[in-house]
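Biologist: Please show me the structure. I want to ask how each label is earned.

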2 protein chains.
Amino acid sequence: MSPIRNARVLFNAVPSEYPIPGETTVYDTTETIDVENVPLNGGILVKVLVLSVDPYMRGRLREAHVKSYMPAFQLGAPLTGYGVGIVLRSEHPGVSEGNYLRGIMPHQEYFITSDLTYMGPIQRDPRLKWTTYVGAAGMPGETAYMAWKEYSRAKEGEVAFVTTGAGPVGSLVIQLAKQDGLKVIASAGSEEKLQFMKEIGADVVFNYKTTDVREVLEKEGPIDIYWDNVGGESLDAAMEFAANHGRFIECGLITGYNGSIPPMKNPALIFGKSLSLNGFLVQYLRPKYTAAFEAEVVPKLASGDLKFTEDVSYGLDKVGDVMLAVQKGTNTGKAVVVVAEEEGEK
Amino acid sequence: MSPIRNARVLFNAVPSEYPIPGETTVYDTTETIDVENVPLNGGILVKVLVLSVDPYMRGRLREAHVKSYMPAFQLGAPLTGYGVGIVLRSEHPGVSEGNYLRGIMPHQEYFITSDLTYMGPIQRDPRLKWTTYVGAAGMPGETAYMAWKEYSRAKEGEVAFVTTGAGPVGSLVIQLAKQDGLKVIASAGSEEKLQFMKEIGADVVFNYKTTDVREVLEKEGPIDIYWDNVGGESLDAAMEFAANHGRFIECGLITGYNGSIPPMKNPALIFGKSLSLNGFLVQYLRPKYTAAFEAEVVPKLASGDLKFTEDVSYGLDKVGDVMLAVQKGTNTGKAVVVVAEEEGEK
């Protein structure tokens, strides 16, 4: 077989605000690969099937010298992120042709590696698609489940406020909070998203673009648990209308990813209300909760007892647009790019 | 016996910035009391011996409608705060003449009450003065000990940064951190205070008025535990130079008590570094830790194994000046006002 296209999505320039498809990231088709003969040097050749596009990726589109919790993407090189791929060839002990791997992989159609540090074998429940394994059954689902278990100290009858409640993290948080017997207030940015949040059990939903968060919390609070994916005004309002001993789960701050980071207006409320603010990265919680997640959450996603939505795009060339959509919140459901479809996948 | 003076310190006007002695609080000698004959109506008559002046009291000098974690002082009425008094007469079951009581009491020489909700009996170790029972052996000492036990998760070899390290809370925190085997960085605002922090074991001390906190933390950090009594620049710097999984104990925010509250500049570091920020009020920790505090801390204060300093003023008329000194940090050691001395007190 002759060499075939090996398209990639390259980090091309640091965005000043929102990422610009074709400018800050570019879809590149100049490379080819001979999948049958390319030397592996003891490694594996993987065909990428799906790639996840997540809010945190914006933070990696930065200058290399700027410190943060994840390394910057390398200018001129492919982006990397969560994905699922199938092994086409292997010289690596313990990995065989036909195995599926999930983990951090480059945004390109095929790649060769001998470093499996951030990848592991994965099996698909036939009722779920691979896309879900980078969504509700993957990192975002783990994020919601593990941090809720670790930090919420939820008690029946309490009130939770969940931001980005229609997203892959927030929507699972809503359902976990309802399972625990809480009243749930949830925010999102479109009618379609509000509808979905209602369907999965949220008691009070509102559109943060058209409704003042402070008015909602004043009426429906005080809140005992705040799930923060946004920061800024929502965080300030949540502190203002928090109950004493409120638990804040600090998961993200999308309002600050594409410009300056909004400050927290009144940190004195932290001791004034005996709040606890808990920041986390999901990788630190996995050792403690992975087994429980696989046993409790994934089967319920497959059976439909836990709901989720996906916003699937087809083709690696869509990554730039999807990244922008995720930053602006114009996607509905977990944003995933299908790079290659498998025969027989439901 | 004829009526005698019953001086009081009244809340007279809401300060716009720092409290102004004689204006925002006034010393008033217009009232008298006949201690032998005044009717008790089932209550007790207490002679106030010592009163504590604490940083948090500034927050109570506000308009009544402004919500906060402690009620506003009542305009025209005496201030209230921690104190120790002796019972001169009692019609209250379980309280006898000669008993000593500690708790929240009005800033006046004598008072009558039948509400013992916020007062309890107290016995003095003969090696300690009553002043210490509103300082190192009282609320500030409890604050340091109980929150350190509850939130620090201190491990040998870690680095702690303690603000207001020469004060009654900070100085005990320094000593607890050293007992736990930590490296301690401590800040204060005068040479005398730096010297004291050195004496009690701080490894690195600096004057926040003349030294850039960021330079110190960059050189001596990263920090695992931050004890925050100040907020503002120190809090921002502590977040910038925190280690992953850093624990922040949010005890106070003196930089914001006399003007606008400084915002937290970069709340994204909370999840970026997996920080936990724990706010608390000491009253919530007492049920869990009071017995341990009495058994572990008070005897060591009496024996000298734990060090403390006090800045004692004599006479109720000094309260206004002492309040201002505490807000400006010009006192050295725990600020206490002796209202009346007892014969035989060491």
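Modeller: What follows is a set of labels, each checked against its rule. This is a predicted model, where local features need pLDDT of at least 70, side-chain atom pairs count only at pLDDT 80 or more, and totals for chains, interfaces and linings use all residues. Residues are numbered from 1 along each chain as its sequence is written, chains are lettered from A and ligands numbered from 1 in the order in which they are written, and side-chain values use heavy atoms, with hydrogens and water left out.

Biologist: Why is Glu142(A) called buried?

Modeller: Buried means under 20% relative accessible area, exposed means over 50%, and partly exposed lies in between (1.4 Å probe, protein chains only). Glu142(A) has a relative accessible area of 5%, so it is buried.

Biologist: What makes the contact of Arg286(A) and Glu142(A) a salt bridge?

Modeller: The rule asks for a side-chain nitrogen of Lys or Arg within 4 Å of a carboxyl oxygen of Asp or Glu. For Arg286(A) and Glu142(A), the N to O distance is 2.9 Å. The pair links distant parts of the chain, 144 residues apart. Arg286(A) is in helix H7 (residues 282–296) of chain A, and Glu142(A) is in helix H1 (residues 139–151) of chain A.

Biologist: What makes a stretch a helix or a strand?

Modeller: Both are DSSP runs, numbered from the N terminus: helices (H or I) have at least four residues, and strands (E) have at least two.

Biologist: How many salt bridges does the rule give over all chains?

Modeller: The count is 30 over all chains.

Biologist: How do you know that Lys183(B) and Glu220(B) form a salt bridge?

Modeller: Their closest N and O atoms are 2.8 Å apart, and that meets the rule. Lys183(B) sits in strand E11 (residues 183–188) of chain B and Glu220(B) in helix H4 (residues 213–220) of chain B, so the salt bridge ties together parts 37 residues apart in sequence.

Biologist: Which of the labels buried, exposed or partly exposed does Lys183(B) get?

Modeller: Lys183(B) has 27% relative accessibility, so it counts as partly exposed. Its partner Glu220(B) has 17%, so Glu220(B) counts as buried.

Biologist: What makes Lys318(B) and Asp317(B) a salt bridge?

Modeller: Their closest N and O atoms are 3.3 Å apart, so the pair passes. Lys318(B) is partly exposed, at 30% relative accessible area. Asp317(B) is partly exposed too, at 38%.

Biologist: Is Leu176(B) buried or exposed, and how do you know?

Modeller: Its relative accessible area is 5%, so Leu176(B) is buried. Leu176(B) lies in helix H2 (residues 168–179) of chain B. Its C-alpha atom is 9.9 Å from that of Val297(B), 121 residues apart along the chain.

Biologist: Is Glu218(A) buried or exposed?

Modeller: Glu218(A) has a relative accessible area of 58%, so it is exposed. Glu218(A) is found in helix H4 (residues 213–220) of chain A.

Biologist: What is notable about phi of Asn41(A)?

Modeller: Phi of Asn41(A) is positive, about 50°, although the residue is not a glycine. Asn41(A) lies in the loop between strand E4 (32–33) and strand E5 (44–52) of chain A. At 70% relative accessibility, Asn41(A) counts as exposed. In chain B, Asn41(B) has a positive phi near 50°. Asn41(B) is exposed, with a relative accessible area of 72%.

Biologist: What kind of peptide bond joins Gly221(A) and Pro222(A)?

Modeller: The bond is cis, with omega about 0°. Pro222(A) lies in the loop between H4 and strand E13 (223–228) of chain A. A cis peptide bond joins Gly221(B) and Pro222(B) as well, with omega about 0°.
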